[in-house]
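Trainee: I'd like to learn how to read the contacts in a model like this. Can you walk me through it?

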Amino acid sequence: MKQLPLPLPTSFGVIRRARPTDIEQIVQMVTQLAKHHGDKPTITREALARDLFGEIPWIFVVVAETDDKLIGYAAMCRLTRLQFGARGMDMHHLFTEGQFRGQGVGRGLVEACKIEAITLSCSYLTVGTHPENHEAQAFYTSLGFERRDAHPPRFSIRLVS
């Protein structure tokens with residue numbers, strides 16, 4: 001597998017691919033995001049390590065880091081449009097710690113997801129939002145994602161390598 005052209009320097013620190021030593025902090029952030037959405041998280045360190053660093057990685061995670069502390073992450077899953085021979089990625093999670101919101105962390109993580117997807121020969125990136133999360137919907141459209149007809153709302157962006 002090709003490696004990301006990361007780390008990506010930012011005003012708050014750096015965005016890079018997740019490492020095995022990040023597992024605990026990522027699990028904590030996944031748990032926060034799940035609780036925010038009213039889900040009861042059952043993620044374990046072992047399950048995340050399997051899916052992220054196993055023989056066949058199931059997900060791809062980029063993290064935002066400042067002062068050796070993770071402050072956000074984005075997790076992507078593989079997609080395909082088989083009839084078109086097109087690879088894609090779904091940005092399954094995007095999370096930024098509360099005190100770092102509004103500082104470009106989310107934008108940086110989305111940019112890193114686009115880089116990762118292009119590196120993996122993907123031609124599109126998708127993301128979904130809760131139907132009532134108008135702030136997230138506006139955020140994604142401001143980044144160039146186009147709303148697709150779906151419920152809940154889905155958005156995609158064409159990637160050019």
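Mentor: Let's start with Glu116. This is a predicted model, and in it Glu116 has a relative accessible area of 1%. The cut-off for buried is under 20%, so Glu116 counts as buried.

Trainee: Which side chain does Glu116 meet in a salt bridge?

Mentor: That partner is Arg17, with 3.4 Å from N to O. Now look at where the two sit: Glu116 belongs to helix H3 (residues 105–119), while Arg17 is in strand S2 (residues 14–17). The pair therefore ties together parts that are 99 residues apart in sequence.

Trainee: How many salt bridges does the model have?

Mentor: The count comes to six. Another of them joins Glu65 and Arg16, at 3.1 Å from N to O. Glu65 lies in strand S3 and Arg16 in strand S2, so this bridge connects parts 49 residues apart in sequence.

Trainee: Are Glu65 and Arg16 buried or exposed?

Mentor: Use the accessibility cut-off again. Glu65 has a relative accessible area of 13%, so it is buried. Arg16 is at 5%, which means that Arg16 counts as buried too.

Trainee: And what about a bridge between helices?

Mentor: Take Glu24 and Arg45, whose side chains meet at 3.2 Å, N to O. Glu24 is part of helix H1 (residues 23–36) and Arg45 is part of helix H2 (residues 45–53), so the link spans parts 21 residues apart in sequence. Here the accessibility reads otherwise: Glu24 is partly exposed at 34%, and Arg45 is partly exposed at 45%.

Trainee: Which residues are joined into one network by salt bridges that share partners?

Mentor: Those are Arg16, Asp22 and Glu65.

Trainee: Let's go to the strands. How should I read the pairing?

Mentor: Side chains in a regular strand alternate between the two faces of the sheet. With that in mind, follow the bridges from strand to strand. S3 (residues 59–66) and S4 (residues 69–81) run antiparallel and are joined by eight bridges. To get the register, note that Val61 stands opposite Ala75 in S4. S4 also pairs with strand S5 (residues 86–96), again in the antiparallel sense, over 10 bridges. On that side, Cys77 stands opposite Asp90 in S5.

Trainee: Which residues take a positive phi in the two hairpins?

Mentor: In the hairpin of S3 and S4, with two residues between the strands, Asp67 has a positive phi near 50°. The hairpin of S4 and S5 has four residues between the strands, and there Gly85 has a positive phi near 65°.

Trainee: Where does Arg81 lie relative to Tyr124?

Mentor: Arg81 lies over the face of the Tyr124 ring, at 3.7 Å from the ring centre.

Trainee: Last topic: how many aromatic pairs are there?

Mentor: Three turn up in a search of the whole structure. One of them is Phe139 with Tyr140, 5.3 Å centre to centre with 65° between the planes. Planes over 60 degrees apart count as edge-to-face, and that is how this pair is classed. Tyr140 also pairs with Phe145, edge-to-face as well, at 5.6 Å centre to centre and 70° between the planes. Put together, ring pairs link Phe139, Tyr140 and Phe145 into a cluster.

Trainee: How do the accessibilities of Phe139 and Tyr140 read?

Mentor: Phe139 is partly exposed, with a relative accessible area of 23%. Tyr140, at 7%, counts as buried, and Phe145 is buried too.

Conventions: Residues are numbered from 1 along each chain as its sequence is written. This is a predicted model: local features need pLDDT of at least 70, side-chain atom pairs count only at pLDDT 80 or more; totals for chains, interfaces and linings use all residues. Side-chain values use heavy atoms; hydrogens and water are left out. Rings of Phe, Tyr and Trp (its six-membered ring) pair if their centres lie within 6.5 Å; planes under 30 degrees apart count as stacked, over 60 as edge-to-face and the rest as tilted. Buried means under 20% relative accessible area, exposed over 50%, partly exposed in between (1.4 Å probe, protein chains only). A charge sits over a ring if NZ of Lys or CZ of Arg is within 6 Å of the ring centre and within 35 degrees of the ring normal. Two strands pair if DSSP finds at least two bridges between them. A salt bridge is a side-chain nitrogen of Lys or Arg within 4 Å of a carboxyl oxygen of Asp or Glu.
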